[in-house]
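Reader: I would like to go through this model with you and ask how some of its labels are earned. Shall we start?

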Amino acid sequence: MNRSRITEQIVLARLSTGLSWQELADAIGRPVVWTTSALLGQHPIPAELGTVLVEMLGLDASAVPVLAAPPMRGGLPTAVPTDPTIYRFYEALQVYGGAIKELIHEKFGDGIMSAINFSVEVQRQTHSSGDRVVVTFDGKFLPYQWVSADEQ
């Protein structure tokens, strides 16, 4: 059994059972975005949590150790995403990425936002011109630390 096959089974089982991503997240006490990402193969799921999810989804218990293994993260099927929702994030970063980078450096100094010590939330906000999607990235600031070979 491989990870991509298990991911296919998870998607099919979730749809056939009518479970929402939120229900699955609530069952293991984890954030919904993390749980969804993990079930889609981007994070290892601790075995005790994987067991709960596998049972809820009616999958074979042999999936649990595969879900618990560190995954191959990232990777889109194409260099430029073609899925319209994912492409909009790509487009937004093309337009605003430079400005976001400049503002991070201005406010924090030379460094980056961690995607490891990180959380993300997706919320719906009612608006008179149509509902809005609110995505919040929350990552720890990591300053660049330049050291000489002698200091290592």
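Author: Gladly! Look at G18 to begin with: it follows α1 and has a positive phi, near 80°. This is a predicted model, so local features need pLDDT of at least 70 and side-chain atom pairs pLDDT 80 or more, while totals for chains, interfaces and linings use all residues. Residues are numbered from 1 along each chain as its sequence is written, and side-chain values use heavy atoms, without hydrogens and water.

Reader: What makes residues 3–17 helix α1, and how does its reach fit the expected span?

Author: Helices are DSSP runs (H or I, at least four residues; strands are E, at least two), numbered from the N terminus. Helix α1 has 15 residues. The expected span is 1.5 Å times one less than the number of residues, and α1 reaches 21 Å from first C-alpha to last, close to the 21 Å expected.

Reader: Why are the buried residues of α1 said to line one face?

Author: Buried means under 20% relative accessible area, exposed over 50%, partly exposed in between (1.4 Å probe, protein chains only). In α1, R3, I6, T7, Q9, I10, A13 and R14 are buried. Seen down the axis, they fall within an arc of 160° (taken from the directions from the axis to the C-beta atoms), so they line one face. On the other side, L12, L15 and S16 are exposed.

Reader: Why is V133 called exposed?

Author: V133 is in strand β2. Its relative accessibility is 66%, and the cut-off is over 50%, so V133 counts as exposed.
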